[in-house]
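I opened this model to look up a few places in turn. My notes follow in the order I made them.

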Amino acid sequence: MNVVVIGANAAGMSFAAKYKRNKPADTVTIIERRNYISFGTCGLPYFVGGQFDDSKRMISRTPEQAIESGLDLRLETEVTAVNRHEQYVTARHLGQDSRIDYDRLIICTGARPVVPDFGQYRRDHVFTLTSLEDGLALKAALNDPDKCQVCIIGAGFIGLEVFDTAHLMGKHITVLEREPHVMSRQFSPELIEVVEQAISASDTDLRTNCNVSAIRDRDQGGYCIETNTGTVEADIVVLSLGFRPNTELFDLAKNSHGALLADQFGATEDPNIFTAGDCAITHHLTLGQPMYQPLATTANKQARMLADRLAGKETHLDGFLGSSCLKVLDYELACTGVNEQMAKAHGLAAKVSTIHDKNQTDYCPGQEDISIKLVYNPETHVLLGGEIIGKKGVVGRVNALAVAICAGMTTEQLGYLDFCYAPPFARTWDALNVAGNVAR
């Protein structure tokens, strides 16, 4: 069996390594256009901010290790064509084309950052942040003491993580977001407002409902960013405007975003072609339908599941909840499953309940406010999703909520779930118990 994998990042290497362990006699060829593999993009905001300086710590596996495990790794090689009828790909390395036959083709080409047309401007200090090259360049720019003004366009995951690290470095920051609120796809306005207030209180110019029309060069260096709320000046500009799947090469069915259509097991319309990672849709567990969820943990799990399934093993992955979290200043933000906005967009019957509680007892140091919003079925009370924001104890509770959703638990069951208790960590009735008991 000849298995060819296109892309050697999270999904590609996760699939290849697991499949080779499952089927050591099969030939597994991995084609990667860069000269490194298994790169952990999620570490980039912390690398550029100096929380660690060795970029190799973001690489979980070296090419040498991959080759030693029996994988046929082709670096600095790009697939230029796929012949589905004769089942081969054309790969170009150093200007030379070669044919690589496959029995099964695994597409793990990931996604690239969206870069809108903001006009003509020098690109030397306008950055995205998704590759090692991006990280090295942005790190050098942020470490320049003469570059104090940073403008971040887009207040999603990467935008707010870059804000957080730039704030720790003492930069003067402007954050521009076209939606009414930051992280508007993940969090409800009534919960995220406390984070927005904290961002503004940190001497950051946070502008929501802000549309960027152009980026212009300043005569003295740096940039002028033209928006509907006025002009912003910056020495460094970071673009954080979402992702577009790298799928243009493939003549396969795609969604409106360009992500490859696949079933919950990664099978495309071609019986010999499979896909995983940020280039493809995934199956949303509570919605019961496909969604585009470009998350690192999703890519790794989806690829491992696919490797087991193609090797004939039993798999235990029914779908994903889009569970995610991030740190902004002193706040932890985390969510899982369906939120209110998503339920409305998909016509899903849902009821919501929000509480504002405390993370622990008041007589132990560290008590903080914590807000929890649950989404659940109005008839059965089965949990569908939730979001939590606070300064302490957020992520662990969302992880527990994800388990409860996967188990099909109701709000009543959540209200009596036997969470552990000690004064430094919770109150007698944990905040999740309270959220479950209030939801009716």
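**Arg61 and its surroundings**

I started with the contacts of Arg61. Beyond its neighbours within four places in sequence, Arg61 is in contact with Met13, Ala17, Ile37, Ser38, Ala66, Ser69 and Leu71. I note here that the model is predicted.

Where does Arg61 sit? I found Arg61 in the loop between helix 2 (44-48) and helix 3 (63-68).

Next I looked for a charge partner. Arg61 is buried but has no salt bridge. Glu68 is the nearest side chain of opposite charge, and I read 8.1 Å to it. A salt bridge needs a side-chain nitrogen within 4 Å of a carboxyl oxygen, so Glu68 at 8.1 Å does not qualify.

Which side chain makes a polar contact with the side chain of Arg61? I found Ser69, at 3.1 Å. Ser69 is also on the contact list above.

**Strand 10**

I moved on to strand 10, residues 149-153. Of its 5 residues, 4 are buried, and I logged the strand as mostly covered.

I then checked its pairing. Strand 11 (residues 172-176) runs parallel to strand 10, and 5 bridges join the two. In this pair, Gln149 stands opposite His172. I followed the chain between them: it leaves strand 10, passes through helix 5 (residues 157-168) and arrives at strand 11. This β-α-β crossover is right-handed.

Strand 10 has another parallel partner, strand 16 (residues 236-239). I counted 4 bridges there. Ile153 of strand 10 faces Leu239 in strand 16.

**Gly95**

Is Gly95 buried or exposed? I looked up its relative accessible area and got 57%. The cut-off for exposed is over 50%, so Gly95 counts as exposed. Gly95 lies in the loop between strand 5 (88-93) and strand 6 (96-101).

I also took one long distance. Gly95 and Leu329 are 234 residues apart along the chain, and their C-alpha atoms are separated by 47 Å.

**Helix 11**

My last stop was helix 11, residues 431-438. Which of its residues are buried? I listed Ala431, Leu432, Asn433, Ala435 and Gly436.

I then asked what covers these buried residues. The cover includes strand 23 (351-358), strand 24 (369-376) and strand 25 (383-390). It also includes helix 9 (395-406) and helix 10 (411-416).

Finally I checked the start of helix 11. A side-chain oxygen of Asp430 comes within 2.9 Å of the backbone nitrogen of Leu432. Leu432 is one of the buried residues noted above.

Technical notes:
Residues are numbered from 1 along each chain as its sequence is written. This is a predicted model: local features need pLDDT of at least 70, side-chain atom pairs count only at pLDDT 80 or more; totals for chains, interfaces and linings use all residues. Side-chain values use heavy atoms; hydrogens and water are left out. Buried means under 20% relative accessible area, exposed over 50%, partly exposed in between (1.4 Å probe, protein chains only). Lys and Arg count as positive and Asp and Glu as negative; His and the chain ends are not counted. A polar contact is a pair of N or O atoms within 3.5 Å; within protein, one must be able to donate a hydrogen and the other to accept it, and residues adjacent in sequence count only if both atoms are side-chain atoms. Contact means heavy atoms within 4.5 Å. Two strands pair if DSSP finds at least two bridges between them. A crossover is right-handed if, with the strands pointing away from the viewer, the path from the first strand over the helix to the second runs clockwise.
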